[in-house]
Every structure is written in C-alpha cells, then in structure tokens.
Amino acid sequence: MGLALGSVLADADAFDELLFIGRRSRAPENPVLELPGVGYSVASPGPAPAGTRVLLAVPDGAIAPVASEIARHGVPGPGSVALHLSGALPADALAILAERGYSVGSLHPLQTVADPLTGAERLQDAFFTFEGGGEARDAAADIVRAAGGRMLEVHAADKARYHAACVFASNYVVACGAVATRLLASAAGIPLWGGAISNLDHLGPSEALTGPVRRGDLDTIRAHLAVLDGDTRQAYAELAWQAVQLAKQAGLDAKAAEAIEAEIRNSRI
C-alpha cells in the first residue's frame, strides 16, 4: 500500500521530497523509487521538518511500535501530520505522536491493493475514509485530491463495523472464490464473478441475487449440502441464510423461504 500510494502522489507531483522507510536493507524494485526526489532508507532521518506528512503504511499490529519509534526522534516542525492507513484502528492509535506535536488521523483507502503496480492504478479515483481533525484533515484531503478520489469521514466508534463491511466486500469475496475453485478446478474460468459484481453494482443486493435460494429451489440446496462437509458445508449454510434474507426482500414466497431456513438450521446441527 505504501508503494502504491507513493506512486499515486508521485504521478500527481504532490510532494517536494518523498522518503520511503522500510525494513529491507535494499530498496524494493519499483519505478517510483527511481524518480527524482524519491528516496529509500531503513531508518528515520531524525525529527520531521515543518510541514512533513508521515504515512504509516504498516500492519495494524505495527502501528503502535512504529509510532513510538517516530516519537523517539523528538518534536516535529510546525504543521507536521501523521496518518495511519488502517481501516479498523482509530486515529488515537497515534496518540504518542499527537503528544509530540503531530496532528494525527487515519486515512483508509477503500480499495483492494494486492501489489504496488496494479494497486497504484486502483487507488486512482478511489474513495478514502478519514477519521481525525485539524491539520490532519487538510493533509488527508490533499492526498485524496492528488489521487483524484473522494474523501468520506467515519467516526472512531464506527470503525470496526465499517472495516468488517470492507472485509466482507473484498477479502471474503476472494475466500468464496477460493472455495469455488477448490470445488471445481475450472471455476476460475467461468465468467460468473464479473457478472455477479456487475449486477451488484447496478441493481443492489436483493435484485442482484440469483440462484437456487432466490428461486426457492429447496432440492438443489439439499443436494449442495449433501455433497459438502466440514467447514465448507458450514460456510455454505451461513451464506445461504444471508441469501434467504435477501431473497425475501426480492419477493421469495414465504413458505419457500421457511423451508430453506429449516433446511439450513438442520445443516448446522
């Protein structure tokens, strides 16, 4: 994420200098690191000069120790901002930096970034969610503007729910794809996923739902449950339950819905 977002900022000419700090002794191979004004280091150069923007593109569990390391370098220059990119943790995960004089916040790119090169493309025109205040909000808005994106604000108390929704919308879609591929080796070649996502985008969840649950096809659902076992059967049942609720919104007959729900309950035992 750090390399992808850095590439976006570089393309937009949104900085005077850009320094990546990482754990590798050698810089990773990436075009952005070859640009003028871009550097790489394994250690912070010292107290942040005035107007510095620090972006912590690290796993959630590393945010606190990295923030502590930055804080050890002392008081930053006026107008310095620190933002972490976690969707789940609140801005006060950087409280130690706020105490040092940084304006702090969280800026979460609402996009899937699996590698730096394609990730930079995905971040263009993406949505970002921000939590925090003061100069951190202005700095976040500048970053989002450089990406051509749109910034939404989220309250700290809502972040866990918000991020759980993000996980369902991205990570668990991949997990479902992995299950499909495991059940049928050629599933990756079947053009179902793109069509389902397109329908979801254009029609919304209840109208986009197709398949045996939407049709009230109890015999097919029973057949599926009969050939699945263990965790895969459990996952199918839980998702089928959610699908029934959508199908009812879309007009599924109440008796058909009750029969499917009863079958799912039995499969959980």
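Which residues point one way from strand 4, and which the other way? V81 and L83 take one side, A82 and H84 the other, and all are buried. This is a predicted model. The report starts at strand 4 and works outwards.

## Strands 3, 4 and 5

Strand 4 covers residues 81-84 and runs parallel to strand 3, with four bridges joining the two. Two of the facing pairs can be named. R53 stands opposite V81. L55 stands opposite L83.

Strand 3 spans residues 53-56 and has two unlike faces. V54 and L56 form the covered face. R53 and L55 form the uncovered one. From strand 3 the chain passes through helix 2 (residues 60-71) to reach strand 4. This β-α-β crossover is right-handed.

On to strand 5. Four bridges join strand 4 to strand 5, and these two strands also run parallel. L83 has G105 as its bridge partner in strand 5. Helix 3 (residues 95-100) completes a β-α-β unit with strands 4 and 5, and this unit is right-handed. L83 therefore appears in two pairings: it stands opposite L55, and it is the bridge partner of G105.## S106 and its surroundings

S106 is found in strand 5 (residues 103-109). Is S106 buried or exposed? S106 is buried, at a relative accessible area of 1%. The side chain of S106 makes a polar contact with the side chain of K159, at 2.6 Å. K159 is also on the contact list of S106, which leaves out residues up to four places away in sequence. That list includes L83 and H84 of strand 4. S86, L89 and A91 are among the other contacts, as are T129, F130 and E131.

## Nonpolar cores

In soluble globular proteins, nonpolar side chains tend to be buried together. Here the largest nonpolar core has 28 residues. F20, L83, L107 and F128 have the most contacts inside it. Several elements give two or more residues to this core. They are helix 1 (2-11), strand 1 (18-21), strand 4, helix 4 (116-123), strand 6 (127-132) and helix 5.

F20 has contacts beyond its sequence neighbours. With residues up to four places away left out, F20 touches G2, L3 and G6. V32, L33, V38, G39, Y40 and S41 are also touched by F20.

A second core stands separate from this one and has 16 residues. I221, V244, A256 and I260 are among them.

## Helix 1

How many of the 10 residues of helix 1 are buried? Eight are, so helix 1 is largely enclosed by the rest of the structure. The buried residues are L3, A4, L5, G6, S7, V8, L9 and A10. They pack against strand 1, strand 3, helix 4, strand 6 and helix 5. After helix 1 comes D13, with a positive phi near 55°.

## Salt bridges

A search of the whole structure finds eight salt bridges. Three of them are tabulated, with the distance between the closest N and O atoms.

| Pair | Closest N and O atoms |
|---|---|
| E153 and R137 | 2.9 Å |
| D219 and R222 | 3.7 Å |
| R215 and D217 | 4.0 Å |

Take E153 and R137, a salt bridge with its closest N and O atoms 2.9 Å apart. E153 lies in strand 7 (residues 150-153) and R137 in helix 5 (residues 135-146), so the pair ties together parts that are 16 residues apart in sequence. R137 counts as partly exposed, at 30% relative accessibility.

D219 and R222 are both in helix 11 (residues 218-227). They sit three residues apart, about one turn of the helix. D219 is exposed, with a relative accessible area of 56%. R222 counts as partly exposed at 40% relative accessibility. Which residue joins D219 and R222 in one network of salt bridges that share partners? The residue is E263.

R215 and D217 form the remaining tabulated pair, at 4.0 Å. R215 counts as exposed at 56% relative accessibility. D217 is partly exposed, with a relative accessible area of 24%.

Key: Residues numbered from 1 in each chain as written. Predicted model: local features only at pLDDT ≥ 70, side-chain atom pairs only at ≥ 80, totals over all residues. Heavy atoms only, no water. Salt bridge = Lys/Arg side-chain N within 4 Å of Asp/Glu carboxyl O. Buried < 20%, exposed > 50% of the residue type's maximum accessible area, 1.4 Å probe, protein only. Pairing = 2+ DSSP bridges. Right-handed = clockwise from strand over helix to strand, strands pointing away. Polar contact = N/O pair within 3.5 Å; in protein donor to acceptor, adjacent residues only side chain to side chain. Contact = heavy atoms within 4.5 Å. Core = buried A, V, L, I, M, F, W, Y, C linked by side-chain atoms within 4.5 Å.
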